[in-house]
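User: Can you walk me through this one? I'd like surface patches first, then the interior.

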Amino acid sequence: MTINEVLNLASREIFDAIEEGIHIVDHSGKTILYNKAMEEIEGLSQKQVIGRHLLDLFPDWTKENSTLLTVLSSGVPIVNREQSYLNFKGKNIRTLNSTFPVFDGKLIVGAVEIAKNMTTVNNMSEQIINLQQKLIRPNKKEMGIRHYHFDQLIGRNERYLEAIKIAKRASKSISSVLIFGDTGTGKELFAQSIHYASERNNEPFIAQNCAAIPETLLEGLLFGTSKGSFTGAQDRPGLFEQANGGTLFLDEVNSMSFALQAKILRVLQENYVRRVGGTKDIPIDVRIIAATNEEPEILISAGQFRKDLYYRLNVINIRIPSLNERVDDIPLLVDYFIREYNEQLGKDVWMVSSELLEAFKNYNWAGNIRELKNFIESAMNLISDEHVIGKEHMPSHVAEVLLKKSQYIPTPHLVDDLNAHLASIEKELIREILVLYNFNVSKSAKHLKISRQNLQYKIKQFNL
């Protein structure tokens, strides 16, 4: 067997192992390669396709609706073009294609198409929207739907009380609100408290984390869709329409692209929305409360937050202090969470030990109140008939982090190897963040503001 024959067999094995569909045609439009992924997408076999012209397989294709035919004619690549068509079995297919001409010198000798099957993703997106929208307007008689009010904002810290004071004033206004606070500080609690203390309290309160779902799905979710705007799309109101008369809370609003931020700005200015694929302007009356977990000014400087949208949202500004800035509130919060879990779990716990409380006060609360609540919940599940929570009732990894975090900064005369000491601090900090995010590398890297690859290297370096 010649080297060329070996390479030819190897290339076919590689093409069939690739998850994306690969379709290669010659200069006339006849198929010369068609991998297994493309078989699954289009419902055809390699035997049916190899050696046949594109128009024999898809008679309705033209240069206008076929990326392969367009590239063969123009010689210009087409990158990330969405296509929607019926496959050979009459099934709706939605793909994301990148198509490139193949040249021999200046002569076009063929074209290569790489197709990513978006059909399953699209169907899942539709199901997600359907499920989420069933939860948007729950029956008011249903139990278990918790609404937060100002009396559930626990704290006596001066800066925290100032944030509550501004929020109470905001509840008397109709203007937009921008809330800044680290992850876990309770931004949605503030947003709900504002809504349920306002004149809109009998209308919907809808919350959406803008970083939680893909951009293409988010746009349809916010603005709604019109039937036929893409394969499988139905006439469906978006969150703006469903929140009409009430409040829409957009958390991590800066995570949206500038293009989508511009559409949000237009809604705020014009008080109407247009569904994706639609032509009708739909008037709405919605109050927007937005939030970021990073300093808005830093986000603007980094090109992640439109300045015009920032000014439009920042009519009323609320900054929620982190738990590290309100350590004096920790005893109050601990007591509140103990009472809450006593009721839920049927326990009779009175307090935490003085040793554990001191460790809490010295701990660096990267996850803020949410992290403290998780610590107490873990302990309440592990404690039996005792009345006082001690370190022995904390999960082992939590107790270890608490102990080291409250003690790992020694007095200067004990540090005889600065590099080793700094490495130790770095290791414990990374361990703490990994525990906070259940060892999710992507979320931990984002929190630490380092690349995912860098974090993976450090995890391996520190044997975490």
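**Patches, core and totals**

Analyst: V79, F100 and I114 make a nonpolar surface patch of about 230 Å². Keep in mind that this is a predicted model.

User: Where is V79 found?

Analyst: V79 sits in strand β3, which covers residues 78–86.

User: And is V79 buried or exposed?

Analyst: V79 is exposed, because its relative accessible area is 52% and the cut-off for exposed is over 50%.

User: Switching to charge. Which residues gather in the patch of negative charge?

Analyst: That surface patch brings together E355, D385, E386 and E392.

User: Where does D385 lie?

Analyst: D385 is in a loop. The loop runs between α16 (368–382) and β16 (388–389).

User: Buried or exposed, for D385?

Analyst: Exposed: D385 has a relative accessible area of 64%.

User: Now the interior. What about T292, buried or exposed?

Analyst: T292 is buried, with a relative accessible area of 0%. Buried means under 20%, so T292 qualifies.

User: Which strand is T292 in?

Analyst: Strand β13, residues 287–292.

User: What is T292 in contact with, leaving aside neighbours within four places in sequence?

Analyst: T292 is in contact with L178, I179, F180, G181 and K187. V253, N254, L299 and F305 are contacts of T292 too.

User: How far apart are T292 and D182, in sequence and in space?

Analyst: In sequence, T292 and D182 are 110 residues apart. In space they are 8.0 Å apart, C-alpha to C-alpha.

User: Zooming out. How many helices and strands in the protein?

Analyst: The secondary structure comes to 20 helices and 16 strands.

User: What share of the residues is buried?

Analyst: Of the 464 residues in the protein, 45% are buried.

User: And among contacts between residues at least 6 apart in sequence, how many join residues at least 24 apart?

Analyst: 63% of those contacts do.

User: Last one. What area does the protein expose, and what do carbon and sulfur atoms supply?

Analyst: The protein exposes about 25100 Å². Carbon and sulfur atoms supply 52% of that area.

Technical notes:
Residues are numbered from 1 along each chain as its sequence is written. This is a predicted model: local features need pLDDT of at least 70, side-chain atom pairs count only at pLDDT 80 or more; totals for chains, interfaces and linings use all residues. Side-chain values use heavy atoms; hydrogens and water are left out. Patches are made of residues with over 30% relative accessible area and no salt bridge: like charges are joined within 9 Å, nonpolar side chains (Val, Leu, Ile, Met, Phe, Trp, Tyr) within 5 Å. Accessible areas come from the Shrake-Rupley method with a 1.4 Å probe; for residues, only the protein chains shown count as cover. A salt bridge is a side-chain nitrogen of Lys or Arg within 4 Å of a carboxyl oxygen of Asp or Glu. Helices (H or I, at least four residues) and strands (E, at least two) are DSSP runs, numbered from the N terminus. Buried means under 20% relative accessible area, exposed over 50%, partly exposed in between (1.4 Å probe, protein chains only). Lys and Arg count as positive and Asp and Glu as negative; His and the chain ends are not counted. The place of a charge is taken as NZ of Lys, CZ of Arg, CG of Asp or CD of Glu. Contact means heavy atoms within 4.5 Å.
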